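Hi,

Here is the structure I promised to pass on. My notes on how the chains go together follow below it.

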2 protein chains.
Amino acid sequence: MSGRLFTFVGGASGAWRVSRTETIVGEALPEVACIDMIAGDAPQAIPDAQWILRGITSNERYVERAEKVQLLAKQQGLGRSAATLGALIPIRKNAAWWALTQDERRSIFEAQSQHTQIGLEYLPAIARKLHHCRDLAEDAPFDFLTLFEFAPEHESAFNDLLARLRDTLEWTYVEREVDIRFVRS
Amino acid sequence: MSGRLFTFVGGASGAWRVSRTETIVGEALPEVACIDMIAGDAPQAIPDAQWILRGITSNERYVERAEKVQLLAKQQGLGRSAATLGALIPIRKNAAWWALTQDERRSIFEAQSQHTQIGLEYLPAIARKLHHCRDLAEDAPFDFLTLFEFAPEHESAFNDLLARLRDTLEWTYVEREVDIRFVRS
C-alpha cells in the first residue's frame, strides 16, 4: 500500500514551471513560480515554500465496473514525453455535498453530471490522477488534488473538458477551486 | 470540519479498562490494560503506550437515503450512562476489496451481506461510531476503527451482531480484526 501519498510544494523552485494560476471559486492560493511533486510526505519546513498540499490516492468512490472497463481501455498514465503541459487543480466541496448519502452523490456525479462520461471523451489525450485530502487531516484546505497532463495540441480540449465539468450540477457543490497550469521541464 | 480526528491509546492507564482482547484474524495487537480516547491528534511520544491508533469520521460510503432515514430514526449516540460496556474493533480489508469498484463493494456490503440491515436490528441498544484510517496515512495498520457502546444486558446481543457480520461475504475480505472489549469507568 506504499506509494499512495504525494506532496505538492509551491515555491520559487521546482520541476514544473507555473504558467498561470486562476482562482475559479473561493479563497486563492499564493501565486508561485514553480511546483515540485514529492513522493511521500515532505519535511515540515521547506525553504521558500508558499504552500504545501498533500494528497493520497485511494479506491474509487463512484466509478462502477462498466465505466472502469471503459476507462482502463482508453486511459494512459502520467509521464508521457509528449505531455509537456499540466494542471494541478485543488478542489473543496461544501458541507451539503458531504452530508449527502452515497446514492445521492452518485446520482449527482454521474446520472445528472456525467462526470465519468465527459472525462472518457477526452481520453487518452488528457491523463488524470486523483489525490484525496479530505480524510488525510482534520482541516485539509482541499478535498481533492487532481493532476492532469497533456500535449500542447490538446490544451484547448482540456479547457473544453473543464468548462463542461464546471457547468454541471456537481460543480454547484464546489466551494473552492484553483486552476494552476504548468510546463513540465 | 474540526472534531473529526480521534486518537486511541492503549497502555497501562486510561479511562476505559480492557476486559478482553481477541485477535479474530491476522496480526495481534499488544494486549493492554486500558484505552484512552483523545479528541484530535496525540503527541508523538506517549509514555507507556503500547499502541496508538488514529481514525477520522467521514462521509458515508455505502448507506443510501432510505437506510439513513431508518438509522437516524433508531440510533442513539455514544455516552449514555447505562452503556457501561464497550468495544473497539480495528479492521483492515484486503487488497481485493479495495480493487473493487463502488457498485461491486456496495453489492457485497448490502445486497449480499445486509451490513446496514443487520446493524439496524440492534438499534438503539448498540451505539456505534465509525472512524476511517485508510486515507489518513499511507501505511495505516487498519482501515477502520469502530467504537461500540452498550449496557451489560445487551452484551449477548452485541456478540450475536458480531457473529452475524463475521459470517457474511463482506467479512471474507477482512484480513485483520482485533476485538477489544472494555468497561467504561
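A turn of 180° with a shift of 0.0 Å along the axis lays chain B on chain A with an RMSD of 0.0 Å (least-squares superposition on the C-alpha atoms of residues with pLDDT of at least 70 in both copies). The two copies are thus related as by a two-fold rotation axis. Leu136(B) has the C-alpha of chain B nearest that axis, 2.0 Å away.

Please bear in mind that this is a predicted model: local features need pLDDT of at least 70, side-chain atom pairs count only at pLDDT 80 or more, and totals for chains, interfaces and linings use all residues. Residues are numbered from 1 along each chain as its sequence is written, chains are lettered from A and ligands numbered from 1 in the order written, and side-chain values use heavy atoms, without hydrogens and water.

Now to the interface. In contact (heavy atoms within 4.5 Å) are 30 residues of chain B and 30 residues of chain A. Because 100% of the interface residues of chain B are also interface residues in chain A, the copies meet through the same surface. Together the chains bury about 2700 Å², 41% of it on carbon and sulfur atoms (accessible area lost on being put together, 1.4 Å probe, summed over both). Arg65(B), Asp135(B) and Glu138(B) supply 26% of the area that chain B buries there, more than any other three residues.

Six salt bridges cross the interface (a side-chain nitrogen of Lys or Arg within 4 Å of a carboxyl oxygen of Asp or Glu). One of them pairs Asp135(A) with Arg61(B), with the closest N and O atoms 2.5 Å apart.

Best wishes

How values were computed. Buried area = accessible area lost by both parts, 1.4 Å probe.
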